[in-house]
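Student: I've got a structure to go through, and I'd like to see how each label on it is earned. Can we take the labels in turn?

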Number of protein chains: 2
Amino acid sequence: MTENSSPASDAVRLDLDEVRSLALSVLRKAGLCEAQARPVAQTITECERDGRQSHGLLRLPGCVMTINSANFNRTAEPVISELTPAVVRADACFGYSLLAFERALPQLEQKAKALGVAVLAINNCFHFSALWPEVESIARMGLASMAMTPSHAWVAPSGGMRPVLGTNPFAFGWPRADTDPYVFDFATSAMARSDIAMAKLSGQMLPDGCGLDAQGRPSNDPAAVLAGAMTTFGGHKGSALSTMIELLAGPLIGDMTSLASMDFDAGERAAPCHGELIVAFDPALLGNDDPATNQQRAEQVFAGFTDQGARLPSQQRYLTRAHNKANGIEISRELYDRILAHGGERVAS
Amino acid sequence: MTENSSPASDAVRLDLDEVRSLALSVLRKAGLCEAQARPVAQTITECERDGRQSHGLLRLPGCVMTINSANFNRTAEPVISELTPAVVRADACFGYSLLAFERALPQLEQKAKALGVAVLAINNCFHFSALWPEVESIARMGLASMAMTPSHAWVAPSGGMRPVLGTNPFAFGWPRADTDPYVFDFATSAMARSDIAMAKLSGQMLPDGCGLDAQGRPSNDPAAVLAGAMTTFGGHKGSALSTMIELLAGPLIGDMTSLASMDFDAGERAAPCHGELIVAFDPALLGNDDPATNQQRAEQVFAGFTDQGARLPSQQRYLTRAHNKANGIEISRELYDRILAHGGERVAS
């Protein structure tokens, strides 16, 4: 750790091993078992590495709240079972989703490569952070995939003013031959809730169209939106997509919707608890025996973005990754102190 | 057929059998074989029945152009094959997609009900019209499903000005116990191309945000947008979703992207030719043996829309369906005459 001098004298610089150690220390202190803590700390580290601060160290105080909540199982051992030759189920047993994902991943890969398509249904998991690390790791196995989860009912449907839907992230990964996978991951809310929370902390107003106050009036005040309702991205289309995620990652796999997750939380303000659906596809099996043409056609789409200067999803993230692996990251002194106050141990170079 | 008097003296009223007969007569006259013509006429009829005029009779002149194009196979017999126990392939052999879908549907159902998830990959098909009739029919088998296709490269990615992506429709269906399925189907472009074409015909300007002129400037002029580039819905998120559709319904299944389809068309202005991906899921197999709770949770989401007066996707369509089944539909005298000029036979009550 280095305490920076000007221009940002309140910044704390950490290398990525320090990020991981800091995260691990908080999670251990909160009582999370080692098997659960490791992948959570790893994802926090990967989010910081890729410049996704909203899903990085900032999440640790919320993790402590979740780990201390009545429904959370600190020592959960995921139970992996084969539901059919095409479906693997991972019961996270009310721990975080990440260990369940990690344990079930080999079966998902094997099934998708045997059948061309396979499903991983994670049940009873507390949601942790971004989905892109999952679809990226699946893409590095040569598989395309989509991943989705409900969350808490914070988001009003298009045309409504009361929350029904979650922020319901949707992620997709596609393997590329000679470069990093194509990956995107977005909230189906107009803005991620963590970004609204960050705006509130930093005293910034929201752009238009991100939410409604408790009376259903459009609002730019993050506090009013957090107390009222967020809105979906893309009007009625984003709202429709969000319902699909509720249904596929909820009732389809015998798990909770965002409304049910909110009830289950009973005001504890823990992370949402629900299911996750991942569908993996094998281009090698489905691709009509012409991988070269298929790859060339996919690359032509990507070049169609970059050749005209449009940003290809994940492009900026890989650049940030390379930079931060070499240089480490900076967090504010205020956040660093808050993490220490939540049980973090000081990290040093 | 009834020729209406005022207030709409230029309107022609048809019952649904007349719609089907009119469509069939145009398709037969153009040389489409009976097996292909029947499901195309049926989908046109269903679109008119449900108030989706943009995908109804209006499409017939374009169908004639497609059927007459060099690449189209008027007598195509789809070839259905099992790729794996979870994947059925339907080679449409350069006919329309609909007959291929119909022929492969029993295998898709059987596979999804055996394994919990299954894929139907349609290849080498000329796109016809809306996807919602397909996901609705799958939902009526008790299965959830998503369907997607590329189109022609008419749509600029977020941050770009030149077309790369198609209008790339995405549809989803969910079976409900005691009522019509929950279904949505939207273009990932901000506006459907057929709606832009309708605006051009009727001399209306487009809402903001639907497209760019050939110089990349935002435009409300439908002619300028048709000659320039359409935009995606929902900014970078809609753009990302559209790329997923390019990849999954294109290179994943060994078929063309919207760019490749445009090249293949070689200026003939036929319908796009490409693949279609359908993924079906069986809630009965995946639902953790608690269908009552799952159904109740799903219905709670739907009630969350309707209880606050937000429109649930497909709700309006089912109301229109009931009305039009009883009352028939009206088309303009101009459209009716244009259809007759394209080979349609006069229909009469």
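**Labels and the values behind them**

Tutor: Sure, and let's begin at Pro218(B), which touches Gly211(B) and Leu212(B), leaving aside residues up to four places away in sequence. Keep in mind that this is a predicted model.

Student: What makes those touches count as contacts?

Tutor: Contact means heavy atoms within 4.5 Å. Pro218(B) meets that with Gly211(B) and Leu212(B).

Student: Where in chain B is Pro218(B) found?

Tutor: In the loop that runs between β10 (211–212) and α7 (222–227).

Student: Is Pro218(B) buried or exposed, and how do you know?

Tutor: Exposed means over 50% relative accessible area. Pro218(B) has 71% relative accessibility, so it counts as exposed.

Student: How far is Pro218(B) from Phe101(B), in sequence and in space?

Tutor: The two are 117 residues apart along the sequence, and their C-alpha atoms lie 38 Å from each other.

Student: Now the cysteines. How many disulfides does a search of the whole structure find?

Tutor: It finds 0 over all chains. Take Cys47(B): the nearest cysteine sulfur belongs to Cys63(B) and is 11 Å away. A disulfide needs the two sulfur atoms within 2.5 Å, so that pair doesn't qualify. From the other side, Cys63(B) is in no disulfide either, with the sulfur of Cys47(B) as its nearest, 11 Å away.

Student: Why is Cys47(B) called buried?

Tutor: The cut-off for buried is under 20% relative accessible area. Cys47(B) has 0%, so it is buried.

Student: And what makes Cys63(B) count as buried?

Tutor: Same test: Cys63(B) comes in at 2% relative accessibility, so it counts as buried.

Student: Over to chain A. How do you know whether its radius of gyration agrees with a compact globule?

Tutor: For 349 residues, a compact globule would have a radius of gyration near 20 Å; chain A has 20 Å, so the two agree. Its C-alpha atoms fill a box of roughly 55 × 45 × 45 Å along the principal axes.

Student: What share of chain A counts as buried?

Tutor: 60% of its 349 residues. The accessible surface comes to about 12,600 Å², and carbon and sulfur atoms hold 51% of that.

Student: How many helices and strands does chain A have?

Tutor: 13 helices and 13 strands. Of the chain A contacts between residues at least 6 apart in sequence, 68% join residues at least 24 apart.

Student: And the charges in chain A: how many side chains of each sign?

Tutor: 29 positive and 38 negative, with the centres of the two sets 2 Å apart.

How values were computed
Residues are numbered from 1 along each chain as its sequence is written. Chains are lettered from A and ligands numbered from 1 in the order in which they are written. This is a predicted model: local features need pLDDT of at least 70, side-chain atom pairs count only at pLDDT 80 or more; totals for chains, interfaces and linings use all residues. Side-chain values use heavy atoms; hydrogens and water are left out. Buried means under 20% relative accessible area, exposed over 50%, partly exposed in between (1.4 Å probe, protein chains only). Helices (H or I, at least four residues) and strands (E, at least two) are DSSP runs, numbered from the N terminus. The radius of gyration is taken over C-alpha atoms; the globule rule is 2.2 Å times the number of residues to the power 0.38. Accessible areas come from the Shrake-Rupley method with a 1.4 Å probe; for residues, only the protein chains shown count as cover. Lys and Arg count as positive and Asp and Glu as negative; His and the chain ends are not counted. The place of a charge is taken as NZ of Lys, CZ of Arg, CG of Asp or CD of Glu.
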